[in-house]
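Student: I have a model open on my screen and would like to talk through a few spots in it. Could you help me read them?

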Amino acid sequence: MTYCVAIRLAQGLVFASDTRTNAGVDHVATFRKMRVFEKPGQARMVLLSSGNLATSQSVASLLELSCRHHEPARNLLQVASLYDAAAMVGATLREVVARDADPASSIDFSSHFLLGGQVEGEAMRLFHIYPQGNFIEASRDTPYFQIGEAKYGKPILDRVLDYDTPLAQAIQCALISLDSTMRSNLSVGAPIDLVWLRPDDAAPLAPVRLAEKDPYFSVLRQAWSKGLREVFATLPAPHWPL
């Protein structure tokens, strides 16, 4: 399984993803679900994926090859807007599924993608691309998207996040969301890939990989668990006879 979250804020974008992939209890592996595309001064993008691993890897590989060989048909770094980039990812996804999927098979070839970043001349944007290739854009009212095993990490996002949340707090929130998911679902696991973007920042993107026992991640998880227990202990007792 997979869990990825992407957040769009006034101060920038935050992306986080786990790396665990499993095909049964006896076959667990680690695969990167975050891809970075950037051309200094022109475009910076992050792509997260969930779903069928073969499909998502094929889509990402085709996009990376097109950027490397400067092929205009699928070159994310030559688009005029991030909307065009989302449409390109959707078209590539449809192409891969049409090529590989067997209508007679029971295998699910679908994948979801989160694509966010900034193209020169426009503001930062974030899109959720569905298995059918269509997509929606994050807004002030809906500042984050999740794909994969989303339900366990959603409550903290709903309680804490809004468009004006500071970038540092959003990073904490994304990591706690992942920790909550990892605690409730063994198919989601470390290492965690994390990256953030500030508007109009020309610095190269520098994703961070956090291991299970990363010092900061460990402190954050422990502080969150301790805080929950302490708050729970202060809640008023039921007034009904017990």
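Student: Which residues does A190 touch, not counting residues up to four places away in sequence?

Tutor: Happy to help! This is a predicted model, where local features need pLDDT of at least 70, side-chain atom pairs count only at pLDDT 80 or more, and totals for chains, interfaces and linings use all residues. Residues are numbered from 1 along each chain as its sequence is written, and side-chain values use heavy atoms, leaving out hydrogens and water. With contact meaning heavy atoms within 4.5 Å, A190 touches T19, M182, L210, A211 and E212.

Student: Is A190 buried or exposed?

Tutor: A190 lies in the loop between α4 (167–184) and β11 (192–197). Buried means under 20% relative accessible area, exposed over 50% and partly exposed in between, with a 1.4 Å probe and protein chains only as cover. A190 has a relative accessible area of 12%, so the term that applies is buried.

Student: And what about F232, buried or exposed?

Tutor: F232 is found in helix α5 (residues 215–233); helices here are DSSP runs of H or I with at least four residues, strands are runs of E with at least two, and both are numbered from the N terminus. Because its relative accessible area is 63%, F232 is exposed.

Student: Which residue in β7 stands opposite R44?

Tutor: Two strands pair if DSSP finds at least two bridges between them. Nine bridges join β6 to strand β7 (residues 111–119), and the two run antiparallel. On the β5 side, E38 stands opposite R44. In β7, the residue opposite R44 is Q118.
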